Amino acid sequence: MSHSHKLVIKSSMSRPPPPPPTTNKDQQHQNPSLQEINIKLIQSGEKERLKELLRERLLECGWIDEMKALCRAFTRKKGRNNVTVDDLVHVISPKGRASVPNSMKAELLQRIRAFLASTAD
C-alpha cells in the first residue's frame, strides 16, 4: 500500500509545473479580440478608409462588374419577379468571396496590422 503511495508522489513530482496564470488584461493586451479590433477601426475612422480602398480595388480589377453580371444572369434565368435580394445574396456571395484576389486580401491584412501596430499601447 505504501508502495502505491510512493508512485503517486513520484509521478506528481515528474509533472512540469503549471504555467503561470494569465489575467484577462494580459490576454487582451497580447491578442485583442476581433470585436476590440473592430471598435478601434471604427472609432479611428480607419474602417471607412479601408472600405473605400476595397471598393476602389474591386472596381479596378473588374470584380464589381463581374458580380453585377452574375446577378443579371441569375435574374434573367429565374425571372425578374421570382428573385429576391436574399436569393441573390445566397447565390452570389460564395462566388464573390472566392473571387476576391489574394493580393487584395493581403493588402488589407497588412494595412490592418500596420494600423494595430501604430495604436499599440
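This talk walks through a predicted model of one protein chain, from the overall fold down to a few residues.

Let me start with the whole chain. It has 121 residues. How many helices and strands are there? Seven helices, and zero strands. Read along the sequence, the pattern is simply α-α-α-α-α-α-α.

Now burial. Of those 121 residues, 15% count as buried. The accessible surface of the chain is about 10,100 Å². Carbon and sulfur atoms hold 58% of that surface.

What about contacts along the sequence? Take the contacts in the chain with a separation of 6 or more. Residues 24 or more positions apart account for 65% of them.

On to the helix pairs. I have picked two.

The first pair is H5 and H6. Helix H5 covers residues 63–78, and helix H6 covers residues 85–99. At what angle do they pack? About 145°, with their axes 10 Å apart. The crossing of H5 past H6 is right-handed. Who takes part? From H5, we have Trp63, Glu66, Met67, Leu70, Cys71, Phe74 and Thr75. They meet Asp87, Leu88, Val91, Ile92, Lys95, Gly96 and Ser99 in H6. Sorted by class, this contact of H5 with H6 has eight nonpolar residues, three polar and three charged.

Stay with H5 for a moment, and look at Thr75. Thr75 sits in that helix. Is Thr75 buried or exposed? The cut-off for buried is under 20% relative accessible area. Thr75 has 17%, so Thr75 is buried. Set aside residues up to four places away in sequence, and Thr75 touches Arg80, Val83 and Leu88. Leu88 is also one of the H6 residues in the helix contact I just listed.

One more stop before the second pair. Pro101 lies in the loop between H6 and H7. Its relative accessibility is 25%, so Pro101 counts as partly exposed. Now compare positions in sequence and in space. Pro101 and Trp63 are 38 residues apart along the chain. Their C-alpha atoms are separated by 8.9 Å. Trp63, remember, belongs to the H5 side of the contact with H6.

The second pair is H3 and H7. Helix H3 runs over residues 34–44, and helix H7 over residues 102–119. Their axes come within 11 Å and cross at roughly 85°. H3 and H7 are therefore roughly perpendicular to each other. On the H3 side, the contact residues are Ile37, Lys40, Leu41 and Ser44. On the H7 side, they are Phe115, Leu116 and Thr119. By class, H3 with H7 gives four nonpolar, two polar and one charged.

Phe115 deserves a closer look. Phe115 is placed in helix H7. Its relative accessible area is 10%, so Phe115 is buried. Which residues does Phe115 contact, leaving aside neighbours within four places in sequence? Lys40, Leu41, Ser44 and Glu46. Take Ser44 from that list. Ser44 and Phe115 are 71 residues apart along the chain, and their C-alpha atoms are separated by 9.8 Å.

Last residue: Glu46. Glu46 lies in helix H4, which spans residues 46–60. Its relative accessibility is 14%, so Glu46 counts as buried. Beyond its neighbours within four places, Glu46 is in contact with Leu41 and Phe115.

To close, two pictures to keep. H5 and H6 pack at about 145°. H3 and H7 cross at roughly 85°, with Phe115 of H7 meeting H3 residues and also contacting Glu46.

Methods:
Residues are numbered from 1 along each chain as its sequence is written. This is a predicted model: local features need pLDDT of at least 70, side-chain atom pairs count only at pLDDT 80 or more; totals for chains, interfaces and linings use all residues. Side-chain values use heavy atoms; hydrogens and water are left out. Axes are lines fitted to C-alpha atoms, for helices over the stretch in contact, and angles run from 0 to 180 degrees between N-to-C directions. Helices (H or I, at least four residues) and strands (E, at least two) are DSSP runs, numbered from the N terminus. A crossing is left-handed if the near helix is turned anticlockwise from the far one by less than a right angle, and right-handed if clockwise. Contact means heavy atoms within 4.5 Å. Ala, Val, Leu, Ile, Met, Phe, Trp, Tyr, Cys and Pro count as nonpolar, Asp, Glu, Lys and Arg as charged, and the others, Gly among them, as polar. Buried means under 20% relative accessible area, exposed over 50%, partly exposed in between (1.4 Å probe, protein chains only). Accessible areas come from the Shrake-Rupley method with a 1.4 Å probe; for residues, only the protein chains shown count as cover. Angles under 35 degrees count as roughly parallel, over 145 as roughly antiparallel, 65 to 115 as roughly perpendicular and the rest as oblique.
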